[in-house]
Amino acid sequence: MPRIDTVHDEVTPAAARRAWAHVEPYHSMIYFAPEASEAYADLGLKGWAQYFAPRAAALGAASPEVVTAAFFNFHPDAVRSALPGAWEVASPERVLAARLSAADAALRRILGAAVESPEVERAAELARRAAEAAADDVAGRPLYAAHAALPWPEEPHLVLWHAQTLLREYRGDGHVAALLTAGLSGLDALVTHAAAGEGMPAEKLRTTRKWSQEEWDAAADGLRESGWLAEGPELALTSVGAQRRARIEEITDGLALAPYAVLGTQGCAELAELGRPLAKPLVQELMPWAAKRMK
């Protein structure tokens, strides 16, 4: 794949999505790496605090209400079980430092010498360029804006991890907007996501967001009544529901396009090509359900 250093064409949402998807495991491995849970435990963080505090720390000592709103699909009780208590155990600054250190350790363990390769350096250059491209227009992007205000690491493999963090949160902020526009609550979004077969199994989605079976079933019943889900015991989208869900993804892709436009089509393709072999071992070891996204 030829390198690209200037923009000569208009990037399509599909090209941008592919660039994001092929690098995304490089960031999201932090939620599953044992190095992360060990680092947070060393700070005294336990249970749900090991998820909410590290991801929210860029916001400062955020309240559970703010984090519930920004993260969107987690049960408020899960957030309240972690915050604000986590900030009494460790400051946001210490949590952020532990998160970056854990990312470094996990990437070095799984990728080995590849973390110091020219490919990582080039991927970091491209991803940083994309991540910084939207920094002057952060309206409606609270998680992106918070992470964009953090200092950049120096080592290329961590630059790439931080850049993908920004790009993930930028896309996520836009996805929440698309879900709200479609009239879905956070729980509704999870149920329709599960019905679409787009990643984690339904039970894992439910339990990792701390929704009870009764709450999940009630949401599913409501979605059947509103035409999203087909009748029956299994979660399945109706044709109308599938069209609505496809429209949500289309809007999300459009809202996530801006950072990648600076790379051009070839730059997006180069980033995807560089990201795939880096993401593959991370997916295989830590996130096997994410393999479908890499195709």
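Begin by selecting asparagine 73, which is buried, with a relative accessible area of 16%; this residue counts as buried because its value falls under the 20% cut-off. Keep in mind during the tour that you are looking at a predicted model. With asparagine 73 still highlighted, follow the backbone on either side, and you will find that the residue sits in the loop between helix 4 (64–71) and helix 5 (76–82). Which residues does asparagine 73 touch, not counting residues up to four places away in sequence? Add Gly186, Leu190, Arg209 and Trp211 to your selection, since these are its contacts beyond that range.

Next, clear the selection and move along the chain to alanine 86, whose place is in helix 6, a helix made of residues 85–89. Is alanine 86 buried or exposed? Its relative accessible area is 3%, so alanine 86 is buried. To see some of what surrounds alanine 86, select Leu45, Ala49 and Ala53, which it touches when residues up to four places away in sequence are left out. Then select tryptophan 48 and draw a distance between its C-alpha atom and that of alanine 86: the two are 38 residues apart along the chain, and the separation is 9.4 Å.

Now zoom out until the whole chain is in view and colour it by secondary structure, which should show 16 helices and zero strands. Turning the chain about its principal axes, you can picture a box of roughly 55 × 50 × 35 Å that its C-alpha atoms fill. The radius of gyration of the chain is 19 Å, which agrees with a compact globule, because a globule of 295 residues would have a value near 19 Å. Buried residues, of which you have now visited asparagine 73 and alanine 86, make up 49% of the 295 residues. If you display contacts with a separation of 6 or more, residues 24 or more positions apart account for 74% of them.

Switch to a surface view, where the chain exposes about 13,100 Å², with carbon and sulfur atoms supplying 55% of that area. Colouring by charge brings out 29 positive and 39 negative side chains, and the centres of these two sets lie 3 Å apart.

For the last stop, colour the chain by pLDDT, which averages 94, with 95% of the residues scoring at least 70. Where does pLDDT stay under 50? Select residues 1–8 to see this stretch, for which the model nevertheless has 22 contacts beyond four places in sequence.

Key:
Residues numbered from 1 in each chain as written. Predicted model: local features only at pLDDT ≥ 70, side-chain atom pairs only at ≥ 80, totals over all residues. Heavy atoms only, no water. Helix = DSSP H or I, 4+ residues; strand = E, 2+ residues; numbered from the N terminus. Buried < 20%, exposed > 50% of the residue type's maximum accessible area, 1.4 Å probe, protein only. Contact = heavy atoms within 4.5 Å. Rg over C-alpha atoms; globule rule 2.2 N^0.38 Å. Areas by Shrake-Rupley, 256 points an atom, 1.4 Å probe, with all protein chains shown as cover. Lys, Arg positive; Asp, Glu negative; His and termini not counted. Charge placed at Lys NZ, Arg CZ, Asp CG, Glu CD. pLDDT = per-residue confidence, 0-100.
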